[in-house]
Amino acid sequence: MPGNQYNGNSTHIPPNRVERLLRERELLKERRKGSRASHSNEVADNHKGGELSEYNLCSRETVSYVEQYVEAAVATRALAEGCERQDGRPYRQRLLVVANRLPVSAVRRGEDSWSLEISAGGLVTALLGVKDFEARWIGWAGVNVPDEIGQKALTKALADKRCIPVFLDEEIVHQYYNGYCNNVLWPLFHYLGLPQEDGLATTRSFQSQFAAYKKANQMFADVVNKHYEEGDVVWCHDYHLMYLPQCLKEYNSKMKVGWFLHTPFPSSEIHRMLPSRSELLRSVLAADLAGFHTYDYARHFVSACTRILGLEGTPEGVEDQGRLTRVAAFPIGIDSDRFIRALELPQVQEHIKELKERFAGRKVMLGVDRLDMIKGIPQKILAFEKFLEENPNWRDKVVLLQIAVPTRTDVPEYQRLTSQVHEIVGRINGRFGTLTAVPIHHLDRSLDFHALCALYAVTDVALVTSLRDGMNLVSYEFVACQDSKKGVLILSEFAGAAQSLGAGAILVNPWNITEVAASIGQALNMDAEEREKRHHHNFAHVTTHTAQEWAETFVSELNDTVVEAQLRISKVPPELPQEDAIECYLHSKNRLVILGFNATLTEPVDTPGRRGDQIKEMELKLHPELKEPLMALCNDAKTTIVVLSGSGRGTLDKNFADYDMWLAAENGMFLRLTKGDWMTTMPEHLNMEWVDSVKHVFEYFMDRTPRSHFELRETSLVWNYKYADVEFGRLQARDMLQHISTGPISNASVDVVQGSRSVEVRAVGVTKGAAIDRILGEIVHSKSMTPPIDYVLCIGHFLGKDEDVYTFFEPELPSDGSSITRAKPTDSPKLPVDRRPALKLPASRSGTKTSQTKAQRSVPNSEKRGNNNHNCTTVRRPSPENISWNVLDLKGDNYFSCAVGRTRTSARYLLQSSDDVVSFLKRLANASSSEAWSSDRKKCCC
């Protein structure tokens, strides 16, 4: 399919996501007006061809909704222009629908002969809407096919239905489907908990079942990868395939992958019980878009990622190191037209007539459920019994028809449920029944489509009492068939449909038998006007929010999410060009390397599946693999190393005392060469009177917020709530900020710096960028530098307030530090010889005197941390006279600023983690050592 290329450039992409989607929606509506008639005629033809045509995906040759969708999206989503067939029609975007089961079941008739039958299930019904895409279904056919001949024959038979099989052997099915999916994930997601078996046996079964689960998901991924074409959209479905998005992205990171869950997603407190909780969450986050039935489910997923993985939840979704996975609610619908049209068929009208005659003079109540623990069938029947007890006058005027479709009949729990339901029904019928009529008609079987539509049409009250349900489309089907009778829907508040149909339905708590019984009376006695209003609201929703709309909306959002990600990536700095950085390093004569400490040079304490060890993380330690590389760089006479950190002097002394480098503690307010004493670069009369009052506030919030802590530094205070409950920590931080801004610091000269999970109060003007010129001046003076610095490498994980250190060295920036703003190196105007205006000493960029002319105050190492009076003895250093040579001789290509793990940054480049920093510094140290060895060898030869 050579024309399936949707990644070209358009003339204009609306920058706002909502604007793009609204624009596309309007274009789509306009196109639909012209094709609605032909589409209706075609669907009618499909019905004449039999019910199987509903599942015969993409067999139509006329213009479909998706063709219109693609045409409309050209203007809004940067799809390739002019992408047409030879007949001038645009290509339809291919959609690979990946689900555990195919929409057809296969039955083997011979060695190489198969017959295909319609499968039942909510997912199959819901995905009727994707028939307007050029779709391919990928999934398991429901049978074990061990021989190659049978596999080839089945593959060929399914190809006619646009289906592609995944062949799973019996052991994989047992461990993956019956084990992990049905015995672990499904009960947990429906709040039934994990299997309560022997602890050791359960642990072992979890391990083996999860291994089979991952293996099965990889088998699905292999089939998808085999059939994937550039530009395809891959739509993964349900809890069976939570591991699939990660497998697909590992194969092709540019693949458009969406994942949708058809069950509830439990609260984080439930999900955290799952042994593989973190691995599954991260696998789903590999998708571009994760969809759920309701906002509650989406909120639970984001909360689980925040609380369990420690990631950042945003209104758009979940962000991890700059990559955003969109998380949104997409309420599923039904093909309402199919039900409405079916009511006009002669066989359905005949069924309706028979049912009206059979139940003449009695109100009909209906329940249609799978015989499952979550459907609340016992609660429903008991509520009906209570209604009959309290309303004797209704006993011969109402009948409850309960259709209970058997499922998993071989499972003991389901067998016990069946016996329980039969016992309750028998007791009620024996108690309130007569020789000629019983109050409950219970059927342990399914009904065909036409009989079900007729039953919906004659029903006065539909009763849905799910204890926990992803959506429950029975309520939608009932509303679609009620435009004539306008019956009442009693709906459990624990069904996802309650958020969509709640305005027109009577919502109940199925556990409250008294409330459900009262609701039955309300529904049976409701006047016609109120029934009309309630039905009108629900009918409008069901007929507009169809399965077709659901599918189109999801794919539309998925396509736009990819565009949004591309726009976001365009604003993210590129990866550090390590080869260029090393080459420029080797060709320079006087190098300055500025390194952050925390999250840059520190030992990683976070491990997969955990949010790290709080005690270890509070004690910052140098990464063990950095000792040799740092020593090699420090021993290079041409290189000056500065560790610039917000940490206190004691922390830097403990980690770097053995290295020949400069240490700048507390954002550069304290400075020393490791061989010398600490000195302060703070202004002479820095006001620190605010410290005690802020300290009391921080102590108060630390006591109120479990697992939070605060650090008292000499120029700042930091309160950290990384390991506290995320939501509670944010609320506490908000409360703290409001309190200190109106109280202790309302008139103080301080800056409040808010990190992702920290609050820092520091003296005004204390930033790494403001301190760097003073640090630079002291370094130049101490080393008696004569050649100017011609290479600067600055790497760190700095707060936004401190990122002025990156812009300080930008060659094209003006020398007025107070107006520094970052300009892109690629498009900024260049000065002659690509050089910044010479920075001369003793004039300082910040307008204050540098260390050559100002008095430096020596701070003894024995001074206790937290001493805020700063009445230290000052020592004035002798300054060289008439220093006017250039301190910096930076060319644009010789400056490398690099942020670690922060995509929103003023730095030129990016490294993802401290491990990447370690890898780069190792390479840099090796290159430096090789250069030194070559230089020594040349001297020996001379």
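Among the 94 residues of the largest nonpolar core in this predicted model, Leu-601, Phe-656 and Phe-809 are the ones that touch the most other members. Helix H29, which covers residues 914–941, supplies the largest share of this core, namely seven residues. The chain as a whole has 942 residues, of which 54% count as buried, and its secondary structure comprises 29 helices and 31 strands. Contacts between residues 24 or more positions apart make up 74% of the contacts in the chain that have a separation of 6 or more.

**Nonpolar cores**

- Once its neighbours within four places in sequence are set aside, Leu-601 is in contact with Leu-595, Gly-596, Lys-621, Leu-622, His-623, Leu-626, Val-643, Phe-656, Val-917 and Leu-921.
- Phe-656, listed among those contacts of Leu-601, is also one of the three residues that touch the most other members of the core.
- A second core, separate from the largest one, consists of 68 residues and includes Ala-141, Cys-163, Met-471 and Phe-539.
- As general background, nonpolar side chains in soluble globular proteins tend to be buried together.

**The six-stranded sheet**

- An open sheet is formed by six strands in the order E14-E13-E12-E15-E16-E17, and the pairing in it is parallel.
- The edges are taken by strand E14 (440–443) and by E17, each of which has a single partner strand, so that one side of each is left without a neighbour in the sheet.
- On average, and with direction ignored, neighbouring strands of this sheet are turned by 20° against each other.
- Within the sheet, E12 and E13 run parallel and are joined by eight bridges, and Asp-369 stands opposite Ala-404 in E13.

**Helices packed on the sheet**

- Helix H13 lies across E12, E13, E14 and E15, and its direction makes an angle of about 170° with that of E13.
- Helix H18 spans residues 513–524, and at 1.5 Å a residue its 12 residues should extend over 16 Å, which agrees with the 17 Å that separates its end C-alpha atoms.
- The buried residues of H18 are Val-516, Ala-517, Ser-519, Ile-520, Gly-521, Ala-523 and Leu-524, and these pack against helix H13 (377–390) as well as strands E12 (363–370), E13 (398–405), E15 (461–464), E16 (488–492) and E17 (506–508).
- H13 and H18 pack at an angle of about 65° with their axes 8 Å apart, and their crossing is right-handed.
- On the H13 side this contact is made by Gln-379, Leu-382, Ala-383, Phe-384, Lys-386 and Phe-387, while H18 contributes Ile-513, Thr-514, Val-516, Ala-517, Ile-520, Gly-521 and Leu-524.

**Strand E4 and its partners**

- All seven residues of strand E4 (residues 134–140) are buried, so this strand is largely enclosed by the rest of the structure.
- E4 pairs with strand E1 (residues 94–101) in the parallel sense over six bridges, and Val-97 stands opposite Trp-137 in E4.
- E4 also runs parallel to strand E5 (residues 163–165), to which three bridges join it, and in this pairing Ile-138 stands opposite Ile-164 in E5.

**Arg-531**

- Arg-531 is found in helix H19 (residues 528–544), where it is partly exposed with a relative accessible area of 24%.
- Not counting residues up to four places away in sequence, Arg-531 touches Lys-485, Lys-486, Val-488 and Met-526.
- Although Arg-531 and Val-488 are 43 residues apart in sequence, the C-alpha to C-alpha distance between them is 6.4 Å.

**Positive phi values outside glycine**

- Ala-599 has a positive phi of about 65° although it is not a glycine, and its place is in the loop between strand E18 (591–595) and helix H22 (614–618).
- With a relative accessible area of 27%, Ala-599 is partly exposed.
- Glu-666, likewise not a glycine, has a positive phi of about 50° and lies in the loop between strand E20 (662–665) and strand E21 (670–673).
- Glu-666 counts as buried because its relative accessibility of 1% falls under the 20% limit.

Note on methods: Residues are numbered from 1 along each chain as its sequence is written. This is a predicted model: local features need pLDDT of at least 70, side-chain atom pairs count only at pLDDT 80 or more; totals for chains, interfaces and linings use all residues. Side-chain values use heavy atoms; hydrogens and water are left out. Helices (H or I, at least four residues) and strands (E, at least two) are DSSP runs, numbered from the N terminus. The expected span of a helix is 1.5 Å times one less than its number of residues. Buried means under 20% relative accessible area, exposed over 50%, partly exposed in between (1.4 Å probe, protein chains only). Contact means heavy atoms within 4.5 Å. A nonpolar core is a set of buried Ala, Val, Leu, Ile, Met, Phe, Trp, Tyr and Cys residues joined through side-chain atoms within 4.5 Å. Two strands pair if DSSP finds at least two bridges between them. Axes are lines fitted to C-alpha atoms, for helices over the stretch in contact, and angles run from 0 to 180 degrees between N-to-C directions. A crossing is left-handed if the near helix is turned anticlockwise from the far one by less than a right angle, and right-handed if clockwise.
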